[in-house]
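User: Please take a close look at the charged pairs in this model and tell me how they sit within it. After that, carry on to the parts around them, so that I can follow one connected account.

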Amino acid sequence: MFSWASRDGRRKEPELFSTVSDGLKRLYRTRLLPLEEAHRFHDFHSPALEDADFDNKPMVLLVGQYSTGKTTFIRHLMEQDFPGMRIGPEPTTDSFIAVMHGEQEGLVPGNALVVDPKKPFRKLNAFGNAFLNRFVCAQMPNPVLESISIIDTPGILSGEKQRISRGYDFAAVLEWFAERVDRIILLFDAHKLDISDEFSEVIRALKNHEDKMRVVLNKSDQIGTQQLMRVYGALMWSLGKIVNTPEVIRVYIGSFWAQPLLVPDNRKLFEAEEQDLFRDIQSLPRNAALRKLNDLIKRARLAKVHAYIISALKKEMPSMFGKENKKKELIANLGEIYSKIEKEQQISPGDFPKLSKMQEILAGQDFTKFQMIKPKLLEAVEDMLANDIARLMTLVQQEEAAAPSQAVQGGAFEGTMNGPFGHGYGEGAGEGIDELEWIVARDKPTYDEIFYTLSPVDGKVTGAMAKKEMVKSKLPNTVLGKIWKLADVDKDGFLDDEEFALANHLIKVKLEGHELPAELPDHLVPPSKRAQ
């Protein structure tokens, strides 16, 4: 572990960590946890982290109103039913289900789950039996679950009665999960865009985790193109009122289940959107260490601000009489204390906890037990953020380089990886990949007419002559330069009739909205050049 300050005041050289996970655990225990405990951070914000929080696989949290297809989405990803799964148009999933990998298929109840040190759920014990009776872990052998875990949640209901009858703080539980998961997917039904009060509360509870959030507009195959455009616009407008950020959350449009499309008009759009979402999920194992590092930095910044707030409140408290009245006064004027700390410590307003929530929790606290800030604890966290995190960043890059192929495998992720049903197969530069004839030959007579008007010498045209014709496409020089490099197969600085036809074919591919290949595919190589 790191050897920090020696007794004579000189800083020793830090030891290197073997893995990022090991480094995060030690940094948290030796640097951040002492500051959190000294200022009762866990009573206000989030329970202490455990080793399992740093060791666990990436997790995906699915959130949405009832019957938006959350459970079906999981079934679609894994291509397999999981224990405890129930699907229907009514509110069927009434529990939080952690779908995780296990050698044997089965269910682990919540009370047993929160005492398992190998699972990252021990701190959920604080939400009591009302929640634990509604929390299970579905374990099963599945290739997708070897890389990620998925959290299915109860459908969010509309109406005050349903919200109260849960018996536990639904939004608080989701916020606990949001802090620990790698991706939060909000699902919407194309037919039900109304955002209930409870859903609004949930989205606001996830406010500090917008970087993890993605939105899926599911069941989009049930409406036509014109209606889909209107639904998409309405969804963006609704989200804009709740998620108060200038950036737009990424919305994926599609039908995420293994059934025929009801309205196939937008098939290509759905395929492209599904591939984008799958790529995003597949990248989670590769970016897991970086996400945990990022979350630790966010936690450290909040712990620092929290320490300043608690210290400021302690400083203002009288030593003898009038403590209760002073406490009420300080809570009422907490906004002014925020402003004072912000100016004195040069802290961004975005780093402060939500004012109303802080006031609510402070009302039940004993201010006399608060402690003044300890410079050594604060310096340890500052040093961690300034120096040790940078060293861990280097280790993250080394780990990523050592395991470049880390990605989610199996299930629906395998269905479109290769073969004719891969996204974009046989389109754009891939057109003609399965044909015996050279695909460019179809339009070569037309291109030959243009070629011979350019006065070729020894059967070839110069770059200057080819340029005059190619710029008529109005494509930028950067794109035309790439097309030239691809088309000049023999790299002699000239184009013969086949290479000229190939250049025009690639221009056509680009003008139709497709991307150019990084290297010329084998099926596009002119027949006369294939022997080379």
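**Charged pairs and their surroundings**

Analyst: Asp 388 is buried, with 0% relative accessible area, and that makes it a good place to start in what is, please keep in mind, a predicted model. The partner of Asp 388 is Arg 391: the two form a salt bridge whose closest N and O atoms are 2.7 Å apart. Arg 391 has a relative accessibility of 34%, so this residue counts as partly exposed; the cut-off for buried is under 20%. The bridge is a local one in sequence, as both residues belong to helix H16 (residues 375-402) and are three residues apart, about one turn of the helix.

Now set that beside a second bridge, in which the side chains of Asp 497 and Lys 444 meet at 2.8 Å, N to O. Here the pair links distant parts of the chain, with Asp 497 in helix H21 (residues 497-511) and Lys 444 in helix H18 (residues 444-453), 53 residues apart. In this bridge the acid is the partly exposed residue, Asp 497 being at 23% relative accessibility, while Lys 444 counts as buried at 13%.

Lys 212 and Asp 295 give us another bridge, at 3.1 Å from N to O. Lys 212 lies in the loop between helix H9 (197-205) and strand S7 (213-218), and Asp 295 is in helix H12 (residues 284-316), so the bridge ties together parts that are 83 residues apart in sequence. With relative accessibilities of 2% for Lys 212 and 12% for Asp 295, the two charged residues count as buried. Nor does this bridge stand alone: Asp 182, Lys 212, Arg 291 and Asp 295 are linked in a network of salt bridges. For the whole structure, the count of salt bridges is 37.

A positive charge can also be placed over a ring, and Arg 250 is an example. This arginine lies over the face of Tyr 252, at 4.1 Å from the ring centre.

That brings us to the rings themselves, where there are 19 aromatic pairs. One of them is Phe 135 with Phe 177, an edge-to-face pair at 6.1 Å centre to centre and 70° between the planes. Phe 135 belongs to strand S4 (residues 135-140) and Phe 177 to helix H8 (residues 170-180), so this pair ties together parts 42 residues apart in sequence. Phe 135 has 0% relative accessible area and is buried, and Phe 177 is likewise buried at 0%. Both are members of one aromatic cluster, which also takes in Phe 96, Phe 121, Phe 127, Phe 131, Tyr 168, Phe 170 and Trp 176.

Phe 177 and Phe 121 turn up again in the largest nonpolar core, a set of 48 residues; together with Leu 186 and Phe 188, they are the residues with the most contacts inside it. Helix H8 supplies the largest share of this core, six residues. If you centre your view on Phe 121 and leave aside neighbours within four places in sequence, you will find it in contact with Met 59, Ala 98, Met 100, Leu 113, Val 114, Phe 135, Ile 151, Trp 176 and Phe 177. A second core, separate from this one, has 45 residues, among them Tyr 28, Ile 347, Leu 378 and Val 381.

Two more positions are worth a visit. Ile 331 sits in helix H13 (residues 323-332) and is buried, with a relative accessible area of 13%. Its C-alpha is 8.7 Å from that of Met 358, although the two residues are 27 apart in sequence. Beyond neighbours within four places, Ile 331 is in contact with Gln 359, Leu 362, Ala 363 and Phe 367.

Ser 473, finally, is found in the loop between helix H19 (463-470) and helix H20 (477-487). Its relative accessibility is 17%, so this loop serine counts as buried. A polar atom of the Ser 473 side chain lies 2.8 Å from the backbone oxygen of Met 470. Setting aside neighbours within four places in sequence, Ser 473 is in contact with Leu 480, Ile 507 and Leu 511. There is a link back to the charged pairs here, as helix H21 (residues 497-511) is the helix that holds Asp 497.

Notes: Residues numbered from 1 in each chain as written. Predicted model: local features only at pLDDT ≥ 70, side-chain atom pairs only at ≥ 80, totals over all residues. Heavy atoms only, no water. Helix = DSSP H or I, 4+ residues; strand = E, 2+ residues; numbered from the N terminus. Buried < 20%, exposed > 50% of the residue type's maximum accessible area, 1.4 Å probe, protein only. Polar contact = N/O pair within 3.5 Å; in protein donor to acceptor, adjacent residues only side chain to side chain. Contact = heavy atoms within 4.5 Å. Phe/Tyr/Trp six-rings, centres within 6.5 Å; stacked < 30°, edge-to-face > 60°. Lys NZ or Arg CZ within 6 Å of the ring centre and 35° of its normal. Core = buried A, V, L, I, M, F, W, Y, C linked by side-chain atoms within 4.5 Å. Salt bridge = Lys/Arg side-chain N within 4 Å of Asp/Glu carboxyl O.
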